Amino acid sequence: MQEPEEEFIESSLGNPPVDAGELAEEDDEGGDELYEHHRIRADRRQELLRLDKFLLNRLPSTSRTRIQNAIRAEAVQVNDRPVKSNYRVKPLDVITITLPEPPREFKVLPEPMDLDIRYEDAELLLVNKPAGLVVHPAYGNWNGTLVNGLAYHLQNLPTGRNGEIRPGLVHRIDKDTSGLLVVGKTEWAMTHLSNQFFHHTIERTYLALVWGVPKEAEGTIRGHIGRSLKDRKVQAVFPEGEHGKHAVTHYKVLQSFDSKVALLQCNLETGRTHQIRAHMKHIGHPLFGDATYGGDKIVYGQRTGSYKAFAEKMLALMPRQALHAKSLGFEHPVTHEHLHFEAELPADFQELLAKWEEYATTKS
């Protein structure tokens with residue numbers, strides 16, 4: 001009796017886009033990490049074959065350059081170990097490969113845009129995205145996005161020359177979240193950065209104002225995140241891991257304001273769609289102003305009198321989630337130097353904190 005074929009290929013995107021009919025405008029808020037990951041197990045009859053040729057045969061839509069870049073960046077591993085292009089694949093070897101997200105099928109119109117670029121060299125740039133700016137073109141938001149502005153600024157990128165959808169992006173942040181994004185300017189930089197995101201070696205710090213004060217001054221939230229089974233427009237946390245993807249958020253309370261709201265530092269291990277927003281909602285402390293996750297109304301404190309008037313005034317002052325991507329740390333794709341960047345809080349966030357601090361002082 002002939003033995004069954006053993007080879008299999010598992011493929012996934014770091015955070016794939018949702019169906020157009022499900023989210024419409026919400027699709028532009030997407031997820032964080034933009035890469036594709038494949039896991040292949042060779043069958044028991046596999047003849048010895050160079051790794052690069054093996055991958056070209058198994059991933060016909062992927063170019064030789066992308067595969068070779070991935071091998072050089074140690075984004076290809078065999079049996080959990082990085083190898084060279086000339087490694088010969090053997091029967092039952094398990095090969096994993098992480099690549100930048102593939103380009104979309106529709107073109108991006110380059111648009112002049114006043115980008116707040118904090119760093120730029122031949123390989124990459126750092127941009128400080130303002131709140132309200134959509135990162136990706138999508139249904140309902142084809143123009144006026146950060147990608148349109150990047151396409152104009154970086155028209156000589158390998159991706160930009162062909163008008164492809166994601167000029168250099170390896171991650172993204174929500175439309176109404178402000179802060180830092182790293183952009184790869186070469187295929188090599190994108191591959192190297194994507195590999196760092198996949199292996200969780202990118203250092204990412206966010207500042208978040210949440211309703212209430214967590215019981216523990218420091219903590220870790222673990223819980224799979226996936227599309228809600230009740231409302232497809234939001235993400236839900238599945239503590240038992242029955243749905244969604246593994247997600248980990250570390251937090252630290254930096255300041256409390258009369259126990260009504262607190263400023264947190266959040267560090268991400270993983271980059272799931274709306275991760276901080278969903279995790280904080282899950283533990284009972286939704287982000288201040290976050291309409292999607294219940295933070296756009298008074299959650300802590302009496303909904304009467306002068307406090308009610310003050311809290312509603314604060315919600316009107318900053319009618320979006322109070323979340324800022326403060327810092328990014330990573331290894332430079334070429335020099336291998338460790339780079340670290342920080343971006344100050346935007347004006348509306350600073351004013352919001354100042355007024356809450358003033359309120360808390362008068363109550364003490």
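This dialogue goes through the predicted model shown above, from its overall make-up to two of its helical regions.

Reader: Where do I start, and how many helices and strands does the protein have?

Author: Start with the inventory. The protein has nine helices and 18 strands. Of its 364 residues, 53% are buried. The surface it exposes comes to about 16700 Å², with carbon and sulfur atoms supplying 47% of that.

Reader: What share of the contacts with a separation of 6 or more comes from residues 24 or more positions apart?

Author: Such residues account for 71% of those contacts.

Reader: Is helix H4 largely enclosed or not, and why?

Author: To judge enclosure, count buried residues, meaning those under 20% relative accessible area. In helix H4 (residues 146-153), six of the eight residues are buried, so the rest of the structure largely encloses this helix. The six are Leu-146, Val-147, Asn-148, Gly-149, Leu-150 and Ala-151.

Reader: Which strands do the buried residues of H4 pack against?

Author: They pack against strand S9 (124-129) and strand S10 (178-184).

Reader: At what angle do helices H3 and H6 pack?

Author: Angles that are not roughly parallel, antiparallel or perpendicular count as oblique. Helix H3 (residues 64-72) and helix H6 (residues 187-198) pack at about 50 degrees, their axes 9 Å apart. The two are therefore oblique to each other, and H3 passes H6 in a right-handed crossing.

Reader: Which residues make the contact?

Author: H3 contributes Arg-66, Asn-69, Ala-70 and Arg-72, while H6 contributes Glu-187, Trp-188 and Thr-191. Sorted by class, this contact has three charged, two polar and two nonpolar residues.

Note on methods. Residues numbered from 1 in each chain as written. Predicted model: local features only at pLDDT ≥ 70, side-chain atom pairs only at ≥ 80, totals over all residues. Heavy atoms only, no water. Axes fitted to C-alpha atoms, helices over the stretch in contact; angles between N-to-C directions. Helix = DSSP H or I, 4+ residues; strand = E, 2+ residues; numbered from the N terminus. Parallel < 35°, antiparallel > 145°, perpendicular 65-115°, else oblique. Left-handed = near helix turned anticlockwise from the far one by under 90°. Contact = heavy atoms within 4.5 Å. Nonpolar A, V, L, I, M, F, W, Y, C, P; charged D, E, K, R; others polar. Buried < 20%, exposed > 50% of the residue type's maximum accessible area, 1.4 Å probe, protein only. Areas by Shrake-Rupley, 256 points an atom, 1.4 Å probe, with all protein chains shown as cover.
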